[in-house]
Amino acid sequence: MVKPEKYFFLADGRILKNLRELALRLDEFSDELFRSHVNPDKNDFANWAEFVFEEKILAQKLRSTSDRQKFHIILLKDLLGRQKTKKIKKYKCDKCEKAFSSKVGLSVHSTIAHAKKG
Ligand SMILES: [Zn+2]
């Protein structure tokens, strides 16, 4: 969940809740709208990524261009990379065959599924 104070308010009044929405909806933007946020003098979306979501590396990459297509590709590649890492389930339960993407996930599972009763 993204809190409302983290939303991005576009110049045309629409709202973006996160970077994924920006990537998916960028095609709908008029050139004028995109230019009003990204141009050689500023990059509002890179600032949003850095200061609201603490995505410093992504922000740096986004700042490297004011070209709309390049900007979009950088953003999409970043999001794609995240989806891949999310799917890797490297923490396997030794009591059953279930696997989890994080240690926390595994420990929640073993607490709930394998806790000794009584
Ligand atoms: Zn298990």
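Which residues does Ala11 touch, not counting residues up to four places away in sequence? They are Leu33, Ser36 and His37. This briefing starts from that contact and walks through the rest of the model, which is predicted. The protein chain falls into two domains, domain 1 (4–86) and domain 2 (88–118), and their centres, taken over C-alpha atoms, are 36 Å apart.

**How confident the prediction is**

- The protein chain has a mean pLDDT of 90, with 93% of its residues at 70 or more.
- Helix 3 is where confidence is highest, at a mean of 98, while helix 5 has the lowest, at 83.

**Around Ala11**

- You will find Ala11 in the loop that runs between strand 1 (8–9) and strand 2 (15–16).
- Ala11 counts as partly exposed because it has 14 C-beta neighbours inside 10 Å, and a residue needs 20 or more to be buried.
- One of its contacts, Ser36, is 25 residues away from Ala11 in sequence, yet their C-alpha atoms are 7.3 Å apart in space.

**The nonpolar core**

- The largest nonpolar core holds 14 residues, and the ones with the most contacts inside it are Leu19, Leu22, Phe45, Ala49, Leu62 and Leu75.
- At least two residues of this core come from each of helix 1 (19–25), helix 3 (44–51), helix 4 (56–63) and helix 5 (68–87).
- Helix 3 gives the largest share of the core, with 4 residues.
- As a general background point, nonpolar side chains in soluble globular proteins tend to be buried together.
- To see part of this core up close, look at Leu22, which touches Leu16, Phe45 and Leu75 when residues up to four places away in sequence are left out.

**Helix 3, the buried face**

- Which residues of helix 3 are buried? They are Phe45, Ala46, Trp48 and Ala49.
- Looking down the axis of helix 3, these buried residues fall within an arc of 160 degrees, so they line one face of the helix.
- The buried residues of helix 3 have several packing partners: strand 1, helix 1, helix 2 (31–37), strand 3 (38–39), strand 4 (42–43) and helix 4.

**Glu54, after helix 3**

- Glu54 sits in the loop between helix 3 and helix 4.
- Its backbone is worth a look: Glu54 has a positive phi of about 55 degrees, although it is not a glycine.
- Is Glu54 buried or exposed? Glu54 is exposed, because 9 other C-beta atoms lie within 10 Å and the limit for an exposed residue is 12 or fewer.

**Helix 6, out in the open**

- Helix 6 covers residues 103–114, and at 1.5 Å a residue its 12 residues should span 16 Å.
- The end C-alpha atoms of helix 6 are 15 Å apart, which agrees with that expected span.
- How many of the 12 residues of helix 6 are buried? The number is 0, so helix 6 lies largely in the open.
- Ser107 is one of the residues in helix 6, and Ser107 is partly exposed, with 13 other C-beta atoms within 10 Å.
- Ser107 and Ile57 are 50 residues apart along the chain, and 30 Å separates their C-alpha atoms.

**Other residues to locate in the view**

- Glu21 is part of helix 1, where it counts as partly exposed, with 15 C-beta neighbours inside 10 Å.
- From Glu21 to Lys98 there are 77 residues in sequence and 31 Å in space, C-alpha to C-alpha.
- Lys3 belongs to the segment before strand 1.
- Lys3 counts as exposed, with 8 C-beta neighbours inside 10 Å.
- Lys3 and Arg82 are 79 residues apart along the chain, with 21 Å between their C-alpha atoms.

Methods. Residues are numbered from 1 along each chain as its sequence is written. This is a predicted model: local features need pLDDT of at least 70, side-chain atom pairs count only at pLDDT 80 or more; totals for chains, interfaces and linings use all residues. Domain bounds come from an automatic or database domain assignment. Two residues are in contact if their C-beta atoms, placed from the backbone, lie within 7 Å. A nonpolar core is a set of buried Ala, Val, Leu, Ile, Met, Phe, Trp, Tyr and Cys residues joined through C-beta atoms within 7 Å. The expected span of a helix is 1.5 Å times one less than its number of residues. pLDDT is the predictor's confidence in each residue, from 0 to 100. The arc is that of the directions from the helix axis to the C-beta atoms.
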